[in-house]
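Okay, thanks for having me, everyone. Let me put the model up on the screen, and then I'll walk you through it.

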Amino acid sequence: MLVGFGGHAKSVADCIELEGKYHIVGYTDVKASSDRYRYLGTDDALEAIFAGGITNAVVGIGYMGKGTIRQHLYRKLKDIGFNLPIIIDSSAVVSSSAVIDEGSFIGKGAVVNAEASIGKMTIINTKALVEHECIVEDFAHVAVGAVLCGQVKVGEAAFIGANATIIQCRNVNAGAIIPAGEVVR
Ligand SMILES: CC(C)(COP(=O)(O)OP(=O)(O)OC[C@H]1O[C@@H](n2cnc3c(N)ncnc32)[C@H](O)[C@@H]1OP(=O)(O)O)[C@@H](O)C(=O)NCCC(=O)NCCS
């Protein structure tokens with residue numbers, strides 16, 4: 001089941017379908033918005049959905065450096081008992097020595113290199129590059145095409161905009177927003 005079905009959810013759903021490991025039974029959202037998947041109700045229905053035997057949940061709501069909805073949903077889903085699978089597109093390259101925590105999404109063509117550590121509920125979006133020994137903390141989003149050079153640390157819920165580059169060994173503070181195309185030296 002997908003929780004939230006906006007634009008980001010469509011990318012996530014596509015990766016899930018291409019991988020074929022999970023079947024998408026439907027989605028929750030404030031209202032029905034897709035003919036492709038079954039609408040299961042609002043988030044108020046989550047407990048009943050879990051009781052009905054659906055135990056895997058993937059948050060489909062993206063994050064652009066504002067709000068705390070992904071954190072809120074994480075706590076709600078965990079309290080109910082949901083399992084939060086890691087979704088990795090089959091075109092992504094993830095080192096065998098990288099560690100990725102629950103609920104995270106690694107999009108098409110992304111690279112997560114040796115000994116990188118990816119926290120829970122993070123988004124490593126399409127064609128993002130997370131180099132060796134980077135640390136991306138919980139709820140952070142590395143947007144499309146962004147580059148983290150080696151040993152960068154991205155704090156909790158920080159947002160690295162599209163095509164931004166963070167040079168090696170720099171720290172990005174928790175909650176920071178790095179604009180699209182910015183180079184952080
Ligand atoms: C940085 C950002 C969050 C600012 O958004 P905002 O708060 O709505 O700000 P505005 O668009 O009103 O811009 C405010 C100022 O910052 C400048 N600015 C905005 N984005 C910028 C960028 N990427 N690089 C340099 N300057 C930027 C604007 O020119 C404007 O300057 P001004 O005050 O001199 O006119 C937004 O521009 C951005 O980069 N978002 C990331 C988008 C992205 O990566 N999407 C990927 C999704 S996967």
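I'll start with the overall layout, then go to one helix, the ligand, and a few single residues.

One thing before we begin: this is a predicted model. So how is the protein divided? There are two parts, domain 1, covering 2-80, and domain 2, covering 86-185. Their C-alpha centres lie 22 Å apart. Where they meet, 15 residues of domain 1 are in contact with 14 residues of domain 2. On the domain 1 side, the elements that give two or more residues are α1 (7-19), β4 and α3 (69-80). Of these, α1 gives the most, with 6 residues. And if you sort that side of domain 1 by class, you get 9 nonpolar, 4 polar and 2 charged residues.

Okay, let's stay with α1 for a moment. Is its length what you'd expect? Well, at 1.5 Å a residue, the 13 residues of α1 should span 18 Å, and the end C-alpha atoms are 19 Å apart, so that agrees. Now, which residues of α1 are buried? They are His8, Ala9, Ser11, Val12, Ala13, Cys15 and Ile16. The cover over them includes β1, β2 (27-28) and β4, and also β5 (87-88) and β8 (105-106). Right after the helix comes Gly20, with a positive phi near 80 degrees.

Some of those covering strands belong to a sheet, so let's look at that. It is an open sheet of 4 strands in the order β3-β2-β1-β4, with parallel pairing. At the edges sit β3 (39-41) and β4 (58-59), each of which pairs on one side only. For β4, one partner is β1, residues 2-3, and the two pair in the parallel sense over 2 bridges. If you want to find that on screen, look for Val3, whose bridge partner in β4 is Val59.

Next, the ligand. What surrounds it? The shell consists of Asn125, Ala143, Val144, Gly161, Ala162, Ile177, Pro179, Ala180, Gly181 and Glu182. By class, that's 6 nonpolar, 3 polar and 1 charged residues.

Keep Gly181 in mind, since there's a residue I'd like to tie to it. Thr165, in strand β18, is 16 residues away from Gly181 in sequence, yet the two are 7.2 Å apart in space, C-alpha to C-alpha. Leaving aside residues up to four places away in sequence, Thr165 touches Val147 and Val183. Buried or exposed? Thr165 is partly exposed, because 18 other C-beta atoms lie within 10 Å.

Last stop, two residues with a backbone angle worth pointing out. Glu133 has a positive phi, near 65 degrees, and is not a glycine. You'll find Glu133 in the loop between β12 (129-130) and β13 (135-136). Glu133 has 18 other C-beta atoms within 10 Å, so it is partly exposed.

The other one is Cys169, again not a glycine, with a positive phi of about 65 degrees. Cys169 sits in the loop between β18 (165-166) and β19 (171-172). How many C-beta neighbours does Cys169 have inside 10 Å? The count is 12, so Cys169 counts as exposed.

That's the tour, thanks for listening.

Conventions: Residues are numbered from 1 along each chain as its sequence is written. This is a predicted model: local features need pLDDT of at least 70, side-chain atom pairs count only at pLDDT 80 or more; totals for chains, interfaces and linings use all residues. Two strands pair if DSSP finds at least two bridges between them. A residue is near a molecule or strand if its C-beta atom, placed from the backbone, lies within 6 Å of it. Ala, Val, Leu, Ile, Met, Phe, Trp, Tyr, Cys and Pro count as nonpolar, Asp, Glu, Lys and Arg as charged, and the others, Gly among them, as polar. A residue is buried if 20 or more other C-beta atoms lie within 10 Å of its own, exposed if 12 or fewer, and partly exposed in between; C-beta atoms are placed from the backbone. Two residues are in contact if their C-beta atoms, placed from the backbone, lie within 7 Å. Domain bounds come from an automatic or database domain assignment. The expected span of a helix is 1.5 Å times one less than its number of residues.
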